[in-house]
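Please load the model in a viewer and set the ligand and the protein as separate selections. The tour goes to the ligand and then to the enclosed space.

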Amino acid sequence: MDHAADAHRTDLMTITRFVLNEQSKYPESRGDFTILLSHIVLGCKFVCSAVNKAGLAKLIGLAGETNIQGEEQKKLDVLSNDVFVNALISSGRTSVLVSEEDEEATFVEPSHRGKYCVVFDPLDGSSNIDCGVSIGTIFGIYTLDHTDEPTTEDVLKPGNEMVAAGYCMYGSSCMLVLSTGTGVHGFTLDPSLGEFILTHPDIKIPKKGNIYSVNEGNAQNWDGPTTKYVEKCKFPKDGSPAKSLRYVGSMVADVHRTLLYGGIFLYPADKKSPNGKLRVLYEVFPMSFLMEQAGGQAFTGQKRALDLVPEKIHERSPIFLGSYDDVEEIKALYAEDEKKN
Ligand code: AFP
């Protein structure tokens, strides 16, 4: 009998226990982050449950439609947004919220304010909802460093100032991947317990991978370095095997696979979208933070992604992220291109 394995199974490291352990390393800490995280976790569990029964509960479809009882149905991403906004406000630990679903930032009432600002995409990959393919929630957390009235300036900060970032993937299992700046840790939801359990401690991305992930339908509009890079993936000239292409079209799923298996995820600029498609605050920054914490890199085509300073809350940026060596290759191609021009 494998007693060691049994002991492991009976000594469950829940996400709350894990964060409390981390917190105990900082004697001055008052548990605010743990409380904030428990509200994010609640949002993730709610969305997971809603995603699982989406078809049955008729949550798929367009917001604004009415069901047979004549009640207005909420599209899953609108519902998810409401759940996260309410959970984050009621945590009493937030002051500014930026959601992909809301044009303007939300400023929390003074009576409920706390020292964190949260940027998030409550349900990313919405085009995959109706066919049951993996989707996810992405979040990044900043601290408010003053006691004046909060403004959008409090979140228009470079990604390297985030204190934590993570995502929850609603896939074949529900997994929450988190970094508070000391490595990346993955927790899987045990549906029978309703708890996220540490299953992937200290995730490190392989230094080099054999998968590239990009929407190749945009290839005719790519710039030179991206075109050259993808050409190299398919027709390597150094005798190495060609890379495999995998593309789900949900950033959480594509990044999750990249983190675990290695390789590169690209959403470059193109002639039609000169700033790419993905949003800086709640897609590019959290995923770049996680990649760097796992030993990988994240690059915009011009600089380290986490050094961007956004000017608008819904700003976009091209992004290349993944295994250290793979991102190094695309950086070299951009450097070469810059020298020529
Ligand atoms: P949707 O939420 O509109 O499906 O967009 C998802 C997303 O923001 C991101 O999750 C994907 O990586 C990316 O867009 C896919 O974009 P393309 O459909 O242009 O490939």
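Select the side chain of Asp124: one of its N or O atoms is 2.5 Å from an oxygen atom of the ligand, a polar contact being a pair of N or O atoms within 3.5 Å. Next, select Tyr247, where a polar side-chain atom also lies 2.5 Å from a ligand oxygen atom. At Ser126, a polar backbone atom is 2.8 Å from an oxygen atom of the ligand. The ligand has 480 Å² of accessible area on its own, and the protein covers 79% of that area (Shrake-Rupley method, 1.4 Å probe).

The model is predicted: local features need pLDDT of at least 70 and side-chain atom pairs pLDDT 80 or more, whereas totals for chains, interfaces and linings use all residues. Residues are numbered from 1 along each chain as its sequence is written, and side-chain values use heavy atoms, without hydrogens and water.

Now widen the selection to the residues with a heavy atom within 4 Å of the ligand. There are 14 residues around the ligand, and the closest are Asp124, Asn215, Tyr247, Met251 and Tyr267. This shell divides into 5 nonpolar, 6 polar and 3 charged residues.

For the enclosed space, select Ile40, Phe84, Leu88, Val118, Phe120, Thr137 and Phe139, which line the largest cavity (on a 1 Å grid over the protein atoms alone, points where a 1.4 Å probe fits but cannot get out; lining residues have an atom within 4 Å of a point). Its volume, the space filled by probe spheres set on the points, is about 30 Å³. The lining comprises 6 nonpolar residues, 1 polar and no charged.

Definitions and conventions:
Polar contact = N/O pair within 3.5 Å; in protein donor to acceptor, adjacent residues only side chain to side chain. Nonpolar A, V, L, I, M, F, W, Y, C, P; charged D, E, K, R; others polar. 1 Å grid on protein atoms, 1.4 Å probe; cavity = no way out; pocket = protein on both sides within 12 Å on 5 of 7 lines; lining within 4 Å.
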